[in-house]
Structures are given as C-alpha cells and as structure tokens.
Amino acid sequence: MTENINKSAHGGVRRGAGRKSGSGRFGEKTKVIRVPESQAETIQAWIKQGKFADIGNFSDLFVPANEATIRLPLYASKVIAGFPSPAEDYVEARLDLNEKLIRNQEATFLLKVQGDSMRDAGILDGDILVVDRSVAPADGKIVIAALDGDLTVKRLRIRDGKTWLLPENPDYPPIAIREESDMVIWGVVTASISQY
Amino acid sequence: MPLYALVDGNSFYASCQIAFQPWLKHRPVVVLSNNDGCIVAANDLAKQLDRHYFKQRNLGAGGYHAAMPNSMMFQPYYKVAGLLKKHDTVVFSSNYELYEDMSHRMHRITAGFAERQTIYSIDESFLDFGNLTLEAAERHARKLRQTVDQYLGLPVAVGLGRSKTEAKLANRLAKKLSYSNGVFNLGNLSEKAHDALLKTLEVGEIWGVGKRMANRLHEQNIHTAYDLKHADSKTVRRLYSVHLERTVQELNGQACLPFYDAHPYKRQIISSRSFGRNITDLQEMRQAVTYHVCKAAEKLRRQQCRCTSLSVHIRTADHSFKPTYRNQQSIVWIRPSDDSIVLSRYAHQALRAIWQSGFDYAKAGVVLSDIEPWGTEQFDLFSPPEDLAAEQKSTNLMQLMDRINRHNGQNSLQLGSSGLLNNSWKMRRNLMSPRYTTQWGELLTVN
C-alpha cells in the first residue's frame, strides 16, 4: 500500500481503506499466485479444506499434478538488471501439447494405426491415436471397437436401432453389428497424430 | 462415524492383460511370476478350472508361502502347464511396466472419489467415506466401480466398513457374494446379519491374521471371523498381541488403526531375483549385485531416505544332484548414504566376503536397512568441509541420474559395473505382452 495521499479528491488510493492485511480467513497476508488452469480447481479445493498443517500427509492426497512437465515462466515480474522486456507483462505458461490433446489423463491411451481403412477421415497408416475412454461413444464418433479378437478403428453409426462400424475408405465394406456378435466399444478417438 | 472403503482390483495382473485384449475374458488367463516361475494371477475362468481340476489333487508345497496343495495359485508353472494348455489357457509373463502404469491410473481415479486416500498395495487403496451417509456411500462406491471399469477396463470390488479391517473383510465379501455386484457394505448391517456373515469367513481371511497366527487361533477354538469378533479382547491381548486385540476391536466396528499408515517410508528395501540362467562367474555376479543395489538405491531416494547398512545374499538352486551353497553378508557404516556408487562399493565388499567359486548360482539380492529420512541424520562434527562438498556433488549426480532414467526409461544411465548391455542373466519373460502404455514402440495397434 502506498503512503501517497492523493491530491485529487476524486478516486485513487485512500489510506486505510479496504480490508486490513491479515484480517481475512487465513489470518495472515495473502498473495496472488499463478497456477495451471487445469489444476486450479484442485488447488482451490485443497485451500478450502484448510489443511495446511497437514503437509506431512500431502503425498497421500489426490494431487493430479501433470506427469509431463508443465513449463512455467522463469520470471513472474521482477527484472533484476538491464532493460526491462516490453513483453514482460505478457509472459504466460508455454503451450503444452498434453493440455491440448489430453482431457482426461487417467482414461487416455495412445494406440497405433495399422492400415488405411480410415484414410478419408485423415487417419493414416502409422498414425498415433489419442483414445479417451471417459468419453461416451455415440453416433458419428470415431471409436476403437473390439470385434472378434481384433481391435479396429471405425466410425460408429447408430441408426434405427442398428449399429454399424463404417470405414472411411471405399475399398473397405461397412461392418454391420448383429445382436449376437461380440462387440465392445473400447474407447473414443479424440485426436490423431500424423508425423511426417 | 468413520466409514472406510477398500477398493481392490479383481485378479489385477490378469485384468490388466485383458484390458488390452478384451476378447480374452472368454478364455482362462494366468500370469506368471519372475522368470516365469509360478502362477501369481488368474482370471475367473482360470480360477474355475483350478477349482474343478485341482480340488482333489496334491500339487505339493508350491513356490510361495501362500500356496495350497489343492490349488494352482502360487504353484510352479511347469506342474500345471499341461492342464492349462489342454484348456486353452492364455499365459503371460509378468509385465510390471504395464501393471505399474495401470495401477497408477486406478489409484488416481479412485482418489477423485474421496477427500483422503491411502494406497495400500499395487491394486488396493483405502478411501475415507466418512462424510457420506451409508446409502450415499454405497451409491458412490458403485459409481466408482463403474468409472474404473469404463476408463480402464479393470474390474474392482469395493468393501465398506466402519474400520479398515471391516472394509477389508467387506471387500472379500464383495468378491465372494455374486449378489453384491462388486460392492459390499458391512457397516450398515444388523448385529445378527453381521454375525451370520462373519461365520462364513475363515479367521485367516482377516487382515493382519497370517497363516501361522490362524493356526495358533485354531488351537484356541477360534476358527471364523465371528469367533474372533466375539473373543475377549483383553484375553486376546494377553495370549497374542496388542495388534490382534486391535483387530478384534476393528471387527466390532471401532476404528483403531489410523487412516494414514504411521510408517510412510519403508524400513527395509529389498531387490532380489532369480537369474534367467545360472551364474558361475564372479564378474557376472558383481554385475547382478550392482544392478540390484542400484535398483534398491533408487527406491531409497524416491522415498527420500538414506541408509547405514546393507546385506548381500547369494544362493545356488536347491539341487539334489549338485552341491548347494547359500550365504549372506551385512555391512554397516556410519555416514548415511543414498548414493548408488557408495552403496555398490559396500555391496561388492560384502560379495567378496561370501563368494565361493565352483557353484551354479541361481539367485542374488541386496537388502538395504537402517533407513532414515533425509535430514534426520546426525552430522559428523569432525568431518572436514570437503566431505560436505563431496556429499552435495553426490546428491546432484544421483538426482541427475534418477531424472534421466525417469525420462528416458529405466537403466538409460547406469553404473559401468552393472555390465551395461551384457546381462543375459536378467529375468526371463518369454511370454510377455507388449508394454502398451510405457513404450512408444509397443503401442496397441488397431486396423
């Protein structure tokens, strides 16, 4: 808080205004920190529990820290010496592909494509599929199905009480799922990664 | 009132295999221990085979303490291989990489269902359901079960109880009683119903009652969980232990054990294994010992501890036609260490003391003990500052090594004395499935 008394009668900082530092529910000064967005809820919930003294047991608590390194900017706002960078105020966490590709880390598996039955959907031989098992399979989604001792990637079609697994390549026939066939939807494909 | 849930994977290793090859659930599936030695997991179909064919037979003592002569579980694979083959059983070597990853996922998913979790083993964790009503707890448990099944394809059972011991027992019932559909609550039964169920459970099935303890209890005419529940706790304490007295109280619905284990770090770390083939050469034995000491040291650092003693053991196979030998040597030192290089120097010293040439060695191992957490050790008043500097250097080196191995896969960086690539004595895993979740080259393929 600044000690300057504002000369203007309108607005600005007034001494002694606002809540006293340390008078909040934490009983001490608080501080604004930057946290990864995906973790914000968990951290808030943890703060709500108010178990700060419980750090000893912290490793047992559920902390869904991303296994993959989350890169944070080295400097939050301090510049020690030299010319301050004009971009300083815009530093943010770097882009992390996991964040873009993986919504539910525990339920996500990576699979490798063999063959070209899904070519026209842009899924090519050798591609890596991101499969999220927490997503409910529905008409129109690209799914991994376990069918007669094989795993296959196809588009799921549910129409008039009938289920089909559709390839996206005219060279392959659609597969009609009969009631007696043993078919399980293993997961829903949420992304495909092609490397060149 | 406290309410605990114990979540436990059904036939965990076998289920992990089936999760990646779902059609296998229509066939008997078993998983073998290290070196494809004994049967350590079996799915339901394999268990049915077991009950059907081995009930009347005598398979002998088996490879583990838990083995029974009339079940294939924990028996050497070769004894039952013929029968399993005849019944079209799928057999896997242990794929620890896969099981570890699936375990980690499962624990994290279940942790999301409670405010507190404590992980008990690779496939078991306790959850604190104390903030839920009994009915809500049961619904919650079913939801948890369904979620793990959807996300991972793993079946789990949930036991609910007013104490951890009761929750463990409830978990057994959840698996045993088909009408439970995988969730059983011992916490909301009438006294009469509670007693009736406990009469169906052997005393040896109770958490913390081992085989030996069960035999001692039989002598006192305590045969079932019901008998122990109604035993006089003071007498139990006098005849057996405070620990068992607590078990009696826990069976009566009083939570005595703390939710979090009082010993969050292991007091002893063992790395030991049978070789894929016999070792006769000291040089190779040194490699094996280095390998084990490094593995143990990494675990030691992971739990942020140091140790001041280790022992090395070596032994031949139990031949009837060749000379046998087994021995072990301990080394104790003053300055606590977690440095792989330091520890392997001690281990080699121990090995030199017991090594005898002329034997076919089948197994070796290293045990670290006298373990203390970082920062609790007494500093040596007279140690020169160079020592502290050296210690800092060692800490940095080990941190770097652990980080590289975590990132680039186990054993990317290791000590030269572990023989690097030349270690054909390592574990035999001829029937291993791909490591679907931890190796880029072994992903599950779809067409």
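What percentage of the 196 residues in chain A is buried? In this predicted model, buried residues account for 14% of that chain. Its secondary structure consists of 2 helices and 7 strands, and the order along the sequence is α-α-β-β-β-β-β-β-β. Of the contacts in chain A between residues at least 6 apart in sequence, 50% connect residues at least 24 apart.

Chain B may be read in the same terms. Its 447 residues include 39% that are buried, and its secondary structure comprises 14 helices and 13 strands. The radius of gyration of chain B is 24 Å, close to the 22 Å given by the globule rule for 447 residues, so chain B is as compact as a globular protein of that length. The C-alpha trace of chain B extends over about 70 × 60 × 55 Å along its principal axes. Among contacts in chain B with a separation of 6 or more, 67% are between residues 24 or more positions apart.

The subdivision of chain B can be approached from two sources. The domain assignment gives domain 1 at residues 28-88 and domain 2 at residues 269-418. Between the C-alpha centres of these two domains of chain B the separation is 34 Å. The UniProt record, an unreviewed entry, places the feature "domain: UmuC" at residues 4-210 of chain B. Over residues 4-210 of chain B, helix makes up 42% and strand 17%, while the end C-alpha atoms lie 22 Å apart.

The interior remains to be considered. In soluble globular proteins, nonpolar side chains tend to be buried together. Here the largest nonpolar core contains 96 residues, and those with the most contacts inside it are Ile144(A), Ala5(B), Ile39(B), Val158(B) and Leu160(B). Helix 1 of chain B, residues 12-20, supplies the largest share of this core, with 7 residues. Another core lies apart from it and has 29 residues, including Ile269(B), Ala296(B), Cys305(B) and Tyr361(B).

Val158(B), one of the residues with the most contacts inside the largest core, offers a closer view of the packing. Which residues does Val158(B) touch, leaving aside those up to four places away in sequence? Val158(B) touches Ala5(B) and Val7(B), as well as Ala141(B), Leu144(B) and Arg145(B). The remaining residues that Val158(B) touches are Asn171(B), Ala174(B), Gly182(B) and Val183(B). Ala5(B) thus appears both as a residue touched by Val158(B) and among those with the most contacts inside the largest core.

Notes:
Residues are numbered from 1 along each chain as its sequence is written. Chains are lettered from A and ligands numbered from 1 in the order in which they are written. This is a predicted model: local features need pLDDT of at least 70, side-chain atom pairs count only at pLDDT 80 or more; totals for chains, interfaces and linings use all residues. Domain bounds come from an automatic or database domain assignment. UniProt positions are given in the numbering used here, feature names are shortened, and annotations may be inferred rather than shown by experiment. Helices (H or I, at least four residues) and strands (E, at least two) are DSSP runs, numbered from the N terminus. A residue is buried if 20 or more other C-beta atoms lie within 10 Å of its own, exposed if 12 or fewer, and partly exposed in between; C-beta atoms are placed from the backbone. Two residues are in contact if their C-beta atoms, placed from the backbone, lie within 7 Å. The radius of gyration is taken over C-alpha atoms; the globule rule is 2.2 Å times the number of residues to the power 0.38. A nonpolar core is a set of buried Ala, Val, Leu, Ile, Met, Phe, Trp, Tyr and Cys residues joined through C-beta atoms within 7 Å.
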